[in-house]
Amino acid sequence: MKLKQLEGLLGTLQQFSHPKVELEQYPTGPHIASRLLYTAENTFGDISGKVVADFGCGCGTLGVASTLVGAEQVIGIDIDPESLEIASINAVEMELDIDFIRCDINKLRWRDHWIDTVVMNPPFGTRRKGSDMEFLAMALKVASGAVYSLHKTTTRDYIKRTALRDCNARSAEVLCQLRFDVPQLYKFHKKKEVDIAVDLWRFEPCEKIMIV
Amino acid sequence: MRLLTHNMLASNVKGVTNGFPLRLEAEKWAEKEVELNADFLRHMFSKIEWKALAGAARAVGYGELPDEADASMLDSEDFLRRFHHALLEIHVEEGALVCPESGRRFPINKGIPNMLLHEDEI
Ligand SMILES: C[S@@+](CC[C@H](N)C(=O)[O-])C[C@H]1O[C@@H](n2cnc3c(N)ncnc32)[C@H](O)[C@@H]1O
């Protein structure tokens with residue numbers, strides 16, 4: 001699938017109807033989402049024929065994109081039932097098979113390194129400090145191949161250090177910098193649109209510890 | 001939820017040490033054909049806990065998987081077809097996943113298991 005075509009399809013997805021501030025619910029736009037998956041597949045071969053998990057899937061944009069670029073099985077996890085409902089509808093409308101699970105990412109108990117690839121746009125941790133790193137640590141525990149994630153550029157050094165030191169990462173690499181338009185969903189945002197710089201990261205987990 | 005996903009999940013109730021596999025209670029399920037990818041099946045075979053898969057398949061009325069399996073069976077097209085069917089073509093719509101140690105039930109509604117814990121279980 002061509003990049004433009006992927007971006008176009010993602011643009012048709014339904015997004016949060018009543019975003020919940022405390023869960024940092026804002027969608028990854030089609031521009032960023034399509035580039036994330038396109039890079040993961042075409043540069044690294046991390047998607048097609050793989051089992052992919054979408055952490056904090058919201059309305060399912062990254063999971064849908066993974067399926068469109070050839071993931072064999074996609075599993076979307078979110079804590080919020082309303083988002084999962086929209087995500088299921090999006091999958092059905094696109095005629096894609098995606099599994100969804102309602103769970104708190106911090107309370108996942110999956111077999112270690114069972115998933116091939118995790119894709120995510122975690123909460124930046126502006127509402128609950130540290131939630132971005134909690135997502136990352138869990139992603140690096142369940143993945144055996146790679147983790148793709150978006151983090152604020154202002155936290156770049158911190159992310160790298162913490163990922164390598166505390167989160168079981170063997171490598172941590174910024175692939176590119178993107179501009180993320182967080183629309184004015186929330187009252188505490190004064191401007192109409194808040195344009196922030198984010199990094200697209202690729203992490204690899206440490207040695208496999210297969211637990212059966 | 002497909003059985004591939006079931007094979008990855010363990011009970012997340014606090015204090016439970018032997019939470020795998022979750023017992024599947026299926027009330028409603030659907031079958032949907034998808035293309036077979038032999039390379040993917042070989043890739044998954046090393047990760048799959050076979051007994052858990054065979055047990056879950058029986059819970060949705062599919063008794064065509066052998067009780068035990070080893071990698072040499074992957075050469076058989078017939079085996080691949082059954083493995084593929086159990087892993088990817090059965091969707092559990094309504095039912096529950098039950099923790100083998102604590103008995104805690106995680107309901108499955110509209111295909112989505114709810115693994116959210118209550119305050120007192122965390
Ligand atoms: C920034 S949004 C990204 C949504 C979606 N992945 C996308 O790319 O459009 C973060 C998502 O994480 C979910 N979330 C926040 N905290 C969570 C937690 N502890 N466990 C699971 N999901 C969580 C929110 O409900 C929200 O859908």
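**Salt bridges and their exposure**

User: Is Asp67(B) buried or exposed?
Analyst: Asp67(B) has a relative accessible area of 54%. Buried means under 20%, exposed over 50% and partly exposed in between, using a 1.4 Å probe and protein chains only, so Asp67(B) comes out as exposed.

User: What should I know about the model and its labels?
Analyst: It's a predicted model, where local features need pLDDT of at least 70 and side-chain atom pairs count only at pLDDT 80 or more, while totals for chains, interfaces and linings use all residues. Residues are numbered from 1 along each chain as its sequence is written, chains are lettered from A and ligands numbered from 1 in the order written, and side-chain values use heavy atoms, leaving out hydrogens and water.

User: Which residue does Asp67(B) pair with in a salt bridge?
Analyst: A salt bridge here is a side-chain nitrogen of Lys or Arg within 4 Å of a carboxyl oxygen of Asp or Glu. The closest N and O atoms of the pair are 3.5 Å apart. The partner is partly exposed, at 48% relative accessible area, and it's Arg58(B).

User: How far apart along the chain are Arg105(B) and Glu25(B)?
Analyst: These two form a salt bridge, with their closest N and O atoms 2.6 Å apart. The pair links distant parts of chain B, the separation being 80 residues. Arg105(B) is partly exposed at 43%, and Glu25(B) is partly exposed too, at 25%. So, counted along the chain, the gap is 80 residues.

User: How many salt bridges are there over all chains?
Analyst: Asp166(A) and Arg165(A) make one of them, at 3.1 Å. Asp46(A), Arg170(A), Arg202(A) and Glu204(A) are linked in a network. Over all chains, the count is 23.

Conventions:
Helix = DSSP H or I, 4+ residues; strand = E, 2+ residues; numbered from the N terminus.
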